[in-house]
Amino acid sequence: MKDPEIDYQGIFDASPSAMLVLTPDLVIVDANVSYQDLVGRARHQLVDRYLFDVFPKDPEGPDDLKASLRRVLETRAQDVAGPMRHDVEEADRPGVFEERYWSPINAPVLDSEGNIVLVVHRLEEITDVVRACGPESDKRRLRTQFELYARSRELQQVNERLRQANARERQVALALQDAMLPAPERLDRHQAAVRYRPAEDTLNVCGDWYEVTQLACGAAAVAVGDVVGHGLAAAGIMGQLRSALSAAMRVVDGPATALDGLDMYARSLAGALASTAVQTVIDESGHRITYSSAGHPPPALAHPDGTVQFLDRATDPPLGARPEHSARPQATTTYADGAVLVLYSDGLIERRGEDIDQGLQRLADHLARHHKDDAEDLAEGLTTLSAATDDTVVVVVRL
């Protein structure tokens, strides 16, 4: 059966709701019969005229209707303005305005490219409801209720627009995270697992970062860093520092030299000062870990017997913290097959009102109990130690 053709003009004319069709410049294109009856004006008195020439606003009255239409044009979204006062000039008494109350809804009509081509203005008059309230005190109370309703509708619409904006920003953040923190490289001789968790009150990006790299010499380079702050600004700085350290590790000899170069780079990068980082190099042939830290919490090395060692013999101030640049220290320790190396950001161990030594002990206790776990399981378990109020990165390497 063939679908019937729909007479949209007929539906518009027959609608019991009073409606105008406006251009984006608020010129009236059409007015249905219900609207003509409501305002007491014929179609030829309305069409092709600017809305507020037909219905000029009382200079002493509120401007709610124009504000609602402006929101539609700015947001390209429907605006339910709620009950509002818009006084109307009497037809036979120019300059004399009668107090009137309305319940309008304004909605945009968009083309295929999302541009506004028309605005549909639907209107219901509620002046009689206000006038029927009896004493003036009741009228004032009802009008106050209408004002509160209108303001609450505005807040709902603002919140919805914020929600949509946040959703778009979160999509950008996720794309940025994927670009700046790709999956770690596969190591030739070790299993590595990474967990990345922004603080609960941020977008899905943060200033914490990690780098897992298989070097050409056969060693593995693993780093973790932390930029002050959260969100997109911190993430942008994080991406630059991470890239700079990753490049340095491929061309210099040792983690301390790499952090030296990163320190000098951070001094030229706005927002990068006081960032922290720790770089390790795992030499499988000699079972050695060489490391250097720029103000970052010490990596934890869990030995096969469950004892935990914090690599804290090569700790220096954060990037750019010294008035003048100086060479950074590095240290080396050995490990046995079956050990586990854990690098992390301070969100894993720090909690408000608690000494950092308690967080380090909590980490050591967890590793002592779970050091034989698979790298992925261990990384997942370690994230439960975080208080979720700060960004957290965890990198686990099974040696």
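Let me start with Ala274, which counts as partly exposed because its relative accessibility is 41%, a value that falls between the 20% and 50% limits. This residue sits in the loop between helix 8, residues 255–266, and strand 12, residues 276–283, and it has a positive phi of about 75° even though it is not a glycine. Please keep in mind throughout that what we are looking at is a predicted model.

There is a second residue to put beside Ala274, and that is Asp48, which is likewise not a glycine and has a positive phi of about 70°. Asp48 lies in a loop as well, in this case the one between helix 2, residues 33–39, and helix 3, residues 51–54. Is Asp48 buried or exposed? It counts as exposed, because its relative accessibility is 65% and the limit for that class is over 50%.

From the loops I would like to move to a strand, namely strand 18, which covers residues 340–344. Five of its five residues are buried, so strand 18 is largely enclosed by the rest of the structure. If you look at its two faces in turn, you will find Val340, Val342 and Tyr344 on one side and Leu341 and Leu343 on the other, and all of these are buried, so that both faces are covered.

Which strands pair with strand 18? One of them is strand 14, residues 300–302, which runs antiparallel to strand 18 and is joined to it by three bridges; within this pairing, Ala300 stands opposite Val342. Another is strand 19, residues 392–398, which pairs with strand 18 in the antiparallel sense over five bridges, and here Tyr344 of strand 18 stands opposite Val394 of strand 19.

Let me turn now to the spaces in the model, beginning with the largest pocket, which holds about 220 Å³ of space. The elements that give two or more residues to its lining are helix 7, residues 231–251, together with strand 12 and strand 13, the last of these being residues 288–294. Among the lining residues are Leu215, Ala216, Cys217, Met249, Arg250, Asp253, Val281, Asp283 and Arg288, and by class the lining divides into six nonpolar, two polar and four charged residues.

Apart from the pocket, there are four cavities of 30 Å³ or more, and the largest cavity holds about 110 Å³ of space. Helix 2, which we met beside the loop of Asp48, is one of the elements that give two or more residues to the lining of this cavity, along with strand 7, residues 101–110, and strand 8, residues 116–125. The lining consists of 12 residues, and those that lie nearest the centre of the cavity are Leu65, His86, Trp102, His121 and Leu123. How many charged residues does this lining have? There are none, as the lining is made up of 10 nonpolar and two polar residues.

I will finish with the second largest cavity, which has a volume of about 40 Å³. Its lining includes Asp263, Arg267, Asp316, Arg322 and Arg328, and also Pro318, Gly320, Ala321, His325 and Ser326. By class, the lining of this second cavity has five charged, three polar and two nonpolar residues, whereas that of the largest cavity has no charged residues.

Methods: Residues numbered from 1 in each chain as written. Predicted model: local features only at pLDDT ≥ 70, side-chain atom pairs only at ≥ 80, totals over all residues. Heavy atoms only, no water. Helix = DSSP H or I, 4+ residues; strand = E, 2+ residues; numbered from the N terminus. Buried < 20%, exposed > 50% of the residue type's maximum accessible area, 1.4 Å probe, protein only. 1 Å grid on protein atoms, 1.4 Å probe; cavity = no way out; pocket = protein on both sides within 12 Å on 5 of 7 lines; lining within 4 Å. Points joined across faces, edges and corners; volume = space filled by probe spheres on them. Nonpolar A, V, L, I, M, F, W, Y, C, P; charged D, E, K, R; others polar. Pairing = 2+ DSSP bridges.
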